[in-house]
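Colleague: I should be grateful for a close look at a single part of this chain. Please choose one helix, explain how it packs against its neighbours, and then place it in the wider setting of the chain.

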Amino acid sequence: MFDRLKNKFKFNIEHFLLRGAYARLLFIASLIGLVASAGGLLVQVTDGSFVEKKSAIWWAFLRLTDPGYLGDDEGLPRRVISTVLTVLGYVLFMGSLIAILTQWLNQKIRDFERGLTPIVRRNHILILGWTNRTPAVVEELMRSGERVHRFLKLRGARGLHVVILSEEVSLERTIELRNILGPLWDARRITFRSGTALRMEHLKRVDYQNASAIILPGADFAYGGANESDMRIVKTLLTIANQFDSDGDKTLPLLVTELFDFNKTAMLQKSYQGILEILATDVFITRCMAQTVRHPGLSLLIQQILTHRRGNSIHIRTIKSVTGNCCGDLAGACPRAILLGVVRFEEDKFRPLLSPPKGLVVQPDDRLVFLARRYEDCIIHESFYSKPPPSPSQIKTQPVNREMAAGARRILILGWNYKVAALIKELDDYLHENFEVSTLSIKPIPDREAELKQRGIDQQRMKVSHFEGDYTLLSDLEAIEPDTYDNVIVFGGDWLETQEESDARSIVGHMVLKNIIEKSTKKPTILVDLMDADNARLFQDINTEVLVTPMMASHVLAQVSLRRELNSVYTELFGVSGAEIFFRCVSDYGIVDEEMTFATLMGIMTDDRETALGVRLMRGDVELNPEKNTVFKMAELDSLIVLG
């Protein structure tokens with residue numbers, strides 16, 4: 001019976017102390033009061049100098065809290081009691097109090113590090129989820145200083161602040177992001193918060209309704225693959241929509257997200273009541289890959305245009321003063337930029353007109369699309385307003401042969417992931433070109449055929465052959481004779497756990513492939529799909545091109561969140577039916593070994609719908625948007641970079 005009562009008492013004390021620091025302080029205060037009362041009553045009994053109990057208790061309390069009173073006591077009983085109280089004071093008042101406060105402070109610091117405190121901000125950029133896309137998105141935002149400044153200025157915000165909602169927040173993750181950003185890192189402009197976008201209380205923790213833009217990136221690996229990533233994104237939008245229905249008086253910010261399956265786009269658009277921009281990753285990435293297959297050497301230009309790391313990128317600017325002018329008259333109006341076309345807002349969506357007819361008239365609400373190094377370069381030269389700009393000097397050129405080469409391009413695909421079926425579908429959409437595709441993968445052939453059937457690929461028009469094997473094994477790869485193909489594309493595996501494992505497999509496969517074709521007279525062009533930009537430096541072969549697809553998607557997500565018209569421009573630029581970038585040999589124009597400025601090269605475009613963007617020299621140099629007065633002596637195998 002006694003043991004039961006003792007255990008019950010201990011349990012109640014434990015239950016009380018686990019309530020938190022306030023309960024522990026109350027418990028220690030009670031003990032101090034109890035000891036002070038006991039000491040006061042004891043000294044009153046042994047020493048008759050105390051008439052009132054409260055005076056004796058106060059005397060005992062002072063000895064508990066301040067050892068400096070110990071020398072003032074006289075008489076053996078009082079000194080003994082005072083000494084005991086002083087020792088207990090060290091233990092109870094000082095030791096326990098410091099321990100409780102230290103523990104409470106450590107707990108609070110851990111809570112702060114875990115990112116559990118709700119934020120109160122306006123016009124921040126919110127990233128929902130930490131995936132293999134997130135670091136590159138943050139890097140693009142931090143690097144796009146001028147574009148960010150213009151974006152925030154329209155909303156009355158002072159500066160950029162990025163808030164990341166992550167399921168796990170730790171010091172290690174902060175260090176990881178800091179190492180990736182390098183000199184771009186600024187702890188005052190980046191905030192982590194713990195939580196998941198699938199729970200409304202976690203979304204409120206990052207003040208999602210007051211964000212200037214929300215970025216919802218996909219994940220190749222972190223959430224189990226493409227399908228799981230799409231389901232997470234759909235659930236997130238439904239969570240926000242459900243809260244929006246209950247808070248109907250509030251408006252939702254711009255949300256930019258990506259989908260791995262283009263077929264879910266319509267469903268996603270119905271789920272969000274605010275402005276929604278969707279990047280269909282499977283379509284966008286495979287369009288870039290298809291363009292690179294059709295025009296070898298284009299990967300360098302694609303990655304330059306899509307990122308702000310170096311070189312040129314696409315800028316959109318509204319210039320009211322050119323309203324009513326023809327696009328052809330504006331060709332030389334910007335000395336440091338090239339006009340690509342205009343973007344119009346029609347029927348609640350943006351419609352890009354890239355490489356338009358020279359007679360297209362600029363309307364009042366048109367946004368001009370430029371290729372330039374900086375936004376400030378996209379300005380009209382003063383001479384344009386004083387007098388009409390002189391027409392580019394025309395030289396006599398021979399007619400350009402635009403007929404496609406006869407025969408089919410043979411393409412070998414090594415590996416299989418969610419992008420392969422989308423790539424074959426993209427190639428199938430080029431109705432005036434012929435492709436023969438072979439795939440080598442450890443994935444069962446019936447599963448691959450089922451994916452192609454779901455995509456609606458006409459396998460009677462496009463010949464697709466499947467082989468089972470591991471492309472990292474020399475025997476399996478030799479058996480299909482890769483040197484007999486025009487193009488070889490190496491894909492990583494999204495069935496692996498991390499992007500490091502996927503890239504390791506691609507690197508080994510590329511080494512095996514090079515070992516096979518190095519003795520062959522025919523060298524196919526190789527395209528490698530990488531996950532990590534740091535691994536791109538491992539591919540220095542002249543016949544090998546690299547696309548870091550997660551980085552490309554991440555940069556586009558960040559750019560569209562700052563200028564949503566860019567989504568339609570990229571869709572048009574890399575799509576089947578829109579304008580595209582390609583190379584045209586100068587021998588087609590009959591200008592071999594002639595010296596001329598780039599402005600003159602721009603003037604030799606015999607097609608009303610073609611625009612010169614730069615030059616590619618056979619020695620390996622690629623100059624995009626060079627100075628207009630730069631002189632080039634074009635050799636027979638040199639090319640013009642053309643938008644048409």
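Modeller: Let us begin with a helix that shows what burial looks like. In helix α12, the buried residues are Ser299, Leu301, Ile302, Gln303, Gln304, Ile305 and Leu306. That is seven of the eight residues of α12, which spans residues 299-306, so this helix is largely enclosed by the rest of the structure. Please bear in mind that the model is predicted.

For packing between helices, I shall turn to helix α5. Two packed helices are described by the distance between their axes and by the angle between those axes. Helix α5 comprises residues 134-143, and its axis comes within 8 Å of the axis of helix α18, residues 549-562. The two axes cross at roughly 45°. An angle under 35 degrees would count as roughly parallel, and one of 65 to 115 degrees as roughly perpendicular; α5 and α18 are therefore oblique to each other. The crossing of α5 with α18 is right-handed. On the α5 side, the contact is made by Ala136, Val137, Glu140 and Leu141. On the α18 side, Met551, Ser554, His555, Ala558, Gln559, Ser561 and Leu562 take part. Sorted by class, the residues of this contact comprise six nonpolar, four polar and one charged.

Helix α5 also meets helix α7, which covers residues 171-181; the axes of α5 and α7 come within 10 Å and cross at roughly 50°. This angle makes α5 oblique to α7. Here, too, the crossing is right-handed. From α5, Pro135, Val138 and Glu139 meet Leu177, Ile180 and Leu181 of α7. The contact of α5 with α7 contains five nonpolar residues, no polar residues and one charged residue.

These helices may now be set within the chain. Its secondary structure amounts to 20 helices and 22 strands. The chain has 644 residues, of which 52% are buried. Contacts across the sequence can be described in a similar way: of those between residues at least 6 apart in sequence, 74% join residues at least 24 apart. As for the surface, the chain exposes about 31100 Å², and carbon and sulfur atoms supply 54% of that area.

To return to your request, helix α5 has an oblique neighbour in α18 and another oblique neighbour in α7. Its residues Ala136, Val137, Glu140 and Leu141 serve the contact with α18, while Pro135, Val138 and Glu139 serve the contact with α7.

Terms used: Residues are numbered from 1 along each chain as its sequence is written. This is a predicted model: local features need pLDDT of at least 70, side-chain atom pairs count only at pLDDT 80 or more; totals for chains, interfaces and linings use all residues. Side-chain values use heavy atoms; hydrogens and water are left out. Axes are lines fitted to C-alpha atoms, for helices over the stretch in contact, and angles run from 0 to 180 degrees between N-to-C directions. Helices (H or I, at least four residues) and strands (E, at least two) are DSSP runs, numbered from the N terminus. Angles under 35 degrees count as roughly parallel, over 145 as roughly antiparallel, 65 to 115 as roughly perpendicular and the rest as oblique. A crossing is left-handed if the near helix is turned anticlockwise from the far one by less than a right angle, and right-handed if clockwise. Contact means heavy atoms within 4.5 Å. Ala, Val, Leu, Ile, Met, Phe, Trp, Tyr, Cys and Pro count as nonpolar, Asp, Glu, Lys and Arg as charged, and the others, Gly among them, as polar. Buried means under 20% relative accessible area, exposed over 50%, partly exposed in between (1.4 Å probe, protein chains only). Accessible areas come from the Shrake-Rupley method with a 1.4 Å probe; for residues, only the protein chains shown count as cover.
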